[in-house]
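Subject: Structure handover

Hello,

Here is the structure for you to load. Please have it open while you read the notes below it.

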Amino acid sequence: MAQQNGMVEKRSSGLWLTHLGMIVGVAFIFFPIWLAFVASTVDQQAIVRPPMPLLPGDKFFENYARALTSGVNAPVGIMLVNSMVMALGIALGKIAISLLSAFAIVYFRFPGRHLFFWLIFLTLMLPVEVRIVPTYEVIANFGMLNSYSGLILPLIASATATFLFRQFFMTVPDELAEAARVDGAKPMRFFFDILLPMSRTNIAALFVILFIYGWNQYLWPLLITTDPSMNTIVMGIKQMFPSGDDTADWPVIMATSILAMIPPVLVVIGMQRLFVRGLVESEK
Amino acid sequence: MATVTLENLRKSYGNTEVIHGVDIDIADGEFIVIVGPSGCGKSTLLRMVAGLETVTSGDILIGGRNVNSVEPMDRDIAMVFQNYALYPHMSVFDNMAYGLKIAKVPKDEIAKRVANAAEILQLVPYLTRKPRELSGGQRQRVAMGRAIVRKPAVFLFDEPLSNLDAKLRVQMRLEIKALQRDLGVTSLYVTHDQVEAMTLADRMIVMNGGVADQIGKPLEVYADPATEFVAGFIGSPSTNFLDAGRLGRRVEGGAKVGIRPEHIRTVAQSETDYAGKVVYSEPLGAETLIHLKLLDGEDVTVRQEGALPIPSEGESCGLAWEAKDEMVFAKDGIRLRQ
Ligand SMILES: Nc1ncnc2c1ncn2[C@@H]1O[C@H](COP(=O)(O)OP(=O)(O)OP(=O)(O)O)[C@@H](O)[C@H]1O
Ligand SMILES: [Mg+2]
């Protein structure tokens, strides 16, 4: 009995220690974000003159309104829209294309099936940065600089997502496809009626990951958007830093940073339930 | 409702032939069971009839129409799979209705047919559930329901009961039989369980290595097996095979004599030339199985009435049987008839 008590105590003190560790960890990660938020609610003088304030000031609405409507180079509102279009385009496009290619690779026997699969797989080893110069050349020749299609198309093919869907489709029992065939479903009908709903959680998980991937793109938008009205927000923040002797408008930059974080956070929270389910279980 | 005819049906995967020519005429409303050991080609045969495997050579006729190159959905068949193959994200109702929806059957007709099938299969309380919220037996019923609602000409079953426990298997077996009788739909049913085959079949096909060794009514097959394989496979405990030469029969070398366990009796050793030592006996109540080892090392099983005295282990017994119960098989397994 006594021993049991001891164990319980040990466990609960262990629990407290873990909690403490985690709280410290969270505080550590969260502190810079908090500082950014504070900086976005005070005026320029308060930031430049040490010590740095630790509590929010009273310029919240003023700073955010200024960021959204005028910003530094371009209004943050426009950049948010651009980023949203790009991230959604990349996430949805990647999912649609990889679903279809995985479907083709798993369910159809066509000549060169394995070759195509390995070609797709090979491109996993070539991230955007490696092929950025030839890609730029192609996009420029197509006249797609400073356009949404130029932002989205080069990033839309996804070996990773194709690979994941292929793995998932291969775990779907063959009998399901056969039952659908006996029921009279043509291949695309089987895809839309059965495969797609069964991949729901996988799609949600991938959507979150790919949305954030698209949202955080930096190098590519920086290269192909010269027109400030096509800037995305992540590169826009960097553009706001002054060159030379200009003073940085820190409150607006910080407000922009905070604004840039909101959509990904909303996507994660909104999709949390499906996302977690998609990562840990597959429904069969 | 329809007849099904297989004519010299063959199937090869690459260069290996796995079905070596099967012929059968199945009458309208007949229940045919395909039985055989694992890997003998039962599923392959059934899937060819379903249209899920291509035919290498030969013909399949359903209702007199050659369906060799007809898509499964246009063959007027319904299939029940071993693992049920229910659509996991659809409710029981939608699972059953899916085929009808694709066939563009009017909504109220679909509702009526599904309700009817659910009634027959006692699935009414579960219509809104997902398959994962059902027990194995209930899933099995849904798979049956999906086949019934389509009102097909032919039912195809591929080991539909093998994922159920023994008791449920017996119950579902009876239900399937009753259902098939009521609906009068021609059925092909694959199983490796000979009890299922014996109880369900109007006629059964005993498959052995891609060949239909024998086709016939269960009791006829049991009483009069055409090959050594059939004699050994159908019936439990299995037929005893004794070397024909050693029994003093005048036949070519390698021939065997088969005698069913219930046709052998134990007698006093002085009455007969054949004797063996009792290895062990299994009293099952109504009957007793006695396992013996003959002097030349062969194993023999005797099945006797439960009321008869049971010889003790290690005791020597004589064995006797009637000559008419002997089945003689040539070296290649074919039955030799006098
Ligand atoms: N796709 C395939 N390619 C090559 N050989 C195959 C293929 N499918 C089946 N076979 C072979 O065909 C033979 C018959 O297989 P089948 O599935 O019909 O056996 P079965 O009688 O249904 O066995 P079980 O009782 O185990 O289900 C087997 O020897 C198997 O190895
Ligand atoms: Mg099989």
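The notes cover the domains of chain A, then the salt bridges, then one arginine without a partner. Bear in mind that this is a predicted model.

**Domains of chain A**

The domain assignment splits chain A into domain 1 (2-65) and domain 2 (76-282). Their C-alpha centres lie 32 Å apart. At the interface, 11 residues of domain 1 of chain A are in contact with 10 residues of domain 2 of chain A. The area buried between domain 1 and domain 2 of chain A is about 820 Å². Carbon and sulfur atoms give 77% of that area. The rule finds 0 salt bridges across this interface. The count of residue pairs in polar contact between the two domains, both residues at pLDDT 80 or more, is also 0.

Which elements give two or more residues to the domain 1 side? They are α1 (2-39), α2 (44-48) and α3 (60-69) of chain A. The largest share, 4 residues, comes from α1(A).

**Salt bridges**

Over all chains, the search finds 20 salt bridges. Three of them, in chain B, are described here.

- Glu17(B) and Arg10(B) meet at 3.2 Å, N to O. Glu17(B) counts as partly exposed because its relative accessibility is 30%. Arg10(B), at 26%, also counts as partly exposed.
- Arg47(B) and Glu53(B) meet at 3.1 Å, N to O. Both residues are buried. They also belong to a network of salt bridges that links them with Glu178(A) and Lys11(B).
- Glu287(B) and Arg303(B) have their closest N and O atoms 3.1 Å apart. This pair links distant parts of the chain, 16 residues apart. Glu287(B) sits in strand β15 (residues 287-294) of chain B, and Arg303(B) in strand β16 (residues 299-305) of chain B. Glu287(B) counts as partly exposed, at 23% relative accessibility.

**Arg146(B)**

Arg146(B) lies in helix α4 (residues 136-148) of chain B. Is Arg146(B) buried or exposed? It is buried, yet it has no salt bridge. The nearest side chain of opposite charge is Asp183(A), 4.4 Å away. The salt-bridge rule asks for a nitrogen within 4 Å of a carboxyl oxygen.

What does Arg146(B) touch, leaving out residues up to four places away in sequence? On chain A, Arg146(B) touches Ala179(A) and Asp183(A). On chain B, its contacts are Tyr84(B), Ala85(B), Leu86(B), Tyr87(B), Asn95(B) and Met96(B).

Best wishes

Key. Residues numbered from 1 in each chain as written. Chains lettered and ligands numbered in written order. Predicted model: local features only at pLDDT ≥ 70, side-chain atom pairs only at ≥ 80, totals over all residues. Heavy atoms only, no water. Buried < 20%, exposed > 50% of the residue type's maximum accessible area, 1.4 Å probe, protein only. Lys, Arg positive; Asp, Glu negative; His and termini not counted. Contact = heavy atoms within 4.5 Å. Domains from an automatic or database assignment. Buried area = accessible area lost by both parts, 1.4 Å probe. Polar contact = N/O pair within 3.5 Å; in protein donor to acceptor, adjacent residues only side chain to side chain.
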